[in-house]
Every structure is written in C-alpha cells, then in structure tokens.
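Student: I would like a close look at a single part of this model, taken slowly and with the reasoning spelled out. Please choose one stretch of the chain, and then set it in the context of the rest.

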Amino acid sequence: MNRLFTAVVVYLVLGLGSGLFYREFTKANDFLEGGATQLSVVHTHLLTLGFLAMLIVLALEKSFVLSASPLFGWFFWVYNAGVLLTSAMMVWHGSLTVLGQESNAAIAGVAGLGHIVVTAGLVLLMMALRKGIVAAKAAASDGADASRAASV
C-alpha cells in the first residue's frame with residue numbers, strides 16, 4: 001500500500017506541475033492563449049490516469065488485497081510505465097508545437113506504444129482484481145461455513 005500511496009503522491013505532483021509548466025512555457029514563448037497543443041491536456045492525463053486511477057487501485061487493494069496476486073506487481077510497473085511514456089510523448093509533442101517546430105511520426109508511434117502498454121496494464125489489473133474478488137468470496141463463504149458449524 002505504501003508503493004501505491006507513493007504513486008498517488010507522485011502523480012499528483014506531476015499532474016499539478018505539468019499544468020504549471022503548460023501555463024508558464026506557453027506564456028514564455030508567446031504562444032497564442034488557447035492555441036492547440038498537447039501540453040494543455042498532459043495535466044488532465046496525469047491527474048486522471050495517474051492520481052485518480054492509483055487512488056481507486058489503493059481502495060481496491062484495501063478491499064481485495066490485490067497485491068496477493070503476482071499479477072499485481074506486473075500491473076503496477078506496466079501500467080505506470082505506459083502512463084509515463086504516453087505523458088512524456090505528449091510533453092515532447094506539445095513543446096515542439098509551442099516552439100513552432102514540426103513533430104514527427106516517431107513521437108506519435110511511441111505515444112501509441114505507451115497507450116498499448118497502459119492497456120496491457122489495465123488487463124493485468126482486471127486479472128488481479130478477479131483473483132481478489134474470487135478469494136474474498138471464498139473467504140466469506142468459508143467464514144460463514146465455520147460460523148454455522150460452530151453454532152451447531
């Protein structure tokens with residue numbers, strides 16, 4: 001749970017920091033206010049896919065002990081790598097836009113790979129969550145059977 005909480009805090013700082021970066025970087029480069037750039041959505045991606053998603057996973061961990069599954073460790077690292085890779089490409093692409101430079105297909109391709117990695121992480125999370133739900137259901141029925149046997 002400490003690792004999840006640390007991820008929550010890191011994503012909060014990154015999300016808020018990226019919003020500040022967007023505002024100051026576009027101002028410093030006299031970029032048209034409201035102009036289209038990937039920088040304008042980096043903070044929402046980090047706050048939603050990072051901060052909020054990890055908060056939800058933290059609550060799921062508390063309820064279903066997801067970390068008991070070996071899939072959970074895979075989920076944690078794969079998902080976070082995907083979110084950070086995607087966000088980094090958004091910052092790079094957005095910064096090039098603000099500077100008036102052209103982006104290239106490599107940036108879009110790597111961002112696409114980041115999205116694929118995020119998807120793989122979410123599949124791993126669903127598999128770990130399924131194991132946690134089944135284990136919790138089994139533990140609940142074992143507890144109910146034990147209490148029935150004790151009362152007889």
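Tutor: A helix here is a DSSP run of H or I that is at least four residues long, and helices are numbered from the N terminus. In that sense Gly15 has its place in helix 1, and helix 1 is the part I would like to go through, bearing in mind throughout that this is a predicted model.

Helix 1 covers residues 2-28, and its length can be checked: at 1.5 Å a residue, these 27 residues should span 39 Å, and the end C-alpha atoms are 38 Å apart, which agrees. Gly15 has a relative accessibility of 2%, and because anything under 20% counts as buried, Gly15 is placed among the buried residues. The buried residues of helix 1 also include Leu4, Ala7, Val8 and Tyr11, and further along the helix Gly19, Phe25 and Thr26. As for what they meet, the buried residues of helix 1 pack against helix 2 and helix 3. Gly15 itself, once residues up to four places away in sequence are left out, touches His43, Leu46 and Leu47. With respect to Gly73, which is 58 residues away along the chain, the C-alpha atom of Gly15 is separated by 23 Å.

What follows helix 1 deserves a careful look as well. Asp30 sits in the loop between helix 1 and helix 2, and just after helix 1 this residue takes a positive phi of about 50 degrees. Most residues other than glycine have a negative phi. Asp30 is not a glycine, yet its phi is positive. In contrast to the buried Gly15, Asp30 has 70% relative accessibility and so counts as exposed.

A second positive phi can be set beside that of Asp30. Val65, which is also a residue other than glycine, has a phi near 45 degrees, and Val65 is found in the loop between helix 2 and helix 3. With a relative accessible area of 47%, Val65 is partly exposed. That loop also holds Ser69, where the flanking elements are helix 2 (39-64) and helix 3 (70-98). Ser69 is buried, at a relative accessible area of 8%, and leaving aside its neighbours within four places in sequence, Ser69 is in contact with Ala128 and Lys131.

The C-alpha atom of Val65 lies 8.8 Å from that of Leu129, although 64 residues separate the two in sequence. Leu129 has its place in helix 4 (residues 105-151), where its relative accessible area of 13% makes it buried. Not counting residues up to four places away in sequence, Leu129 touches Leu60, Phe64 and Leu66.

Helix 3, one of the two helices that the buried residues of helix 1 pack against, contains Tyr79. At 2% relative accessibility Tyr79 counts as buried. Apart from neighbours within four places in sequence, the contacts of Tyr79 are Leu49, Ala53, Met54, Trp74, Val118, Gly121 and Leu122. From Tyr79 to Gln101 is 22 residues in sequence, and their C-alpha atoms are 30 Å apart in space.

To set helix 1 in the whole, the secondary structure comes to four helices and zero strands, so that reading along the sequence gives the pattern α-α-α-α, where each α stands for a helix. The radius of gyration is 21 Å, well over the 15 Å that the globule rule gives for 152 residues, so the protein is more spread out than a compact globule. Along its principal axes the C-alpha trace spans about 80 × 25 × 20 Å. Of the 152 residues, 34% count as buried, and among contacts between residues at least 6 apart in sequence, 82% join residues at least 24 apart. The exposed area is about 8900 Å², with carbon and sulfur atoms supplying 71% of it, and the mean positions of the 8 positive and 7 negative charges are 14 Å apart.

Terms used:
Residues numbered from 1 in each chain as written. Predicted model: local features only at pLDDT ≥ 70, side-chain atom pairs only at ≥ 80, totals over all residues. Heavy atoms only, no water. Buried < 20%, exposed > 50% of the residue type's maximum accessible area, 1.4 Å probe, protein only. Contact = heavy atoms within 4.5 Å. Rg over C-alpha atoms; globule rule 2.2 N^0.38 Å. Areas by Shrake-Rupley, 256 points an atom, 1.4 Å probe, with all protein chains shown as cover. Lys, Arg positive; Asp, Glu negative; His and termini not counted. Charge placed at Lys NZ, Arg CZ, Asp CG, Glu CD. Expected span 1.5 Å × (residues − 1).
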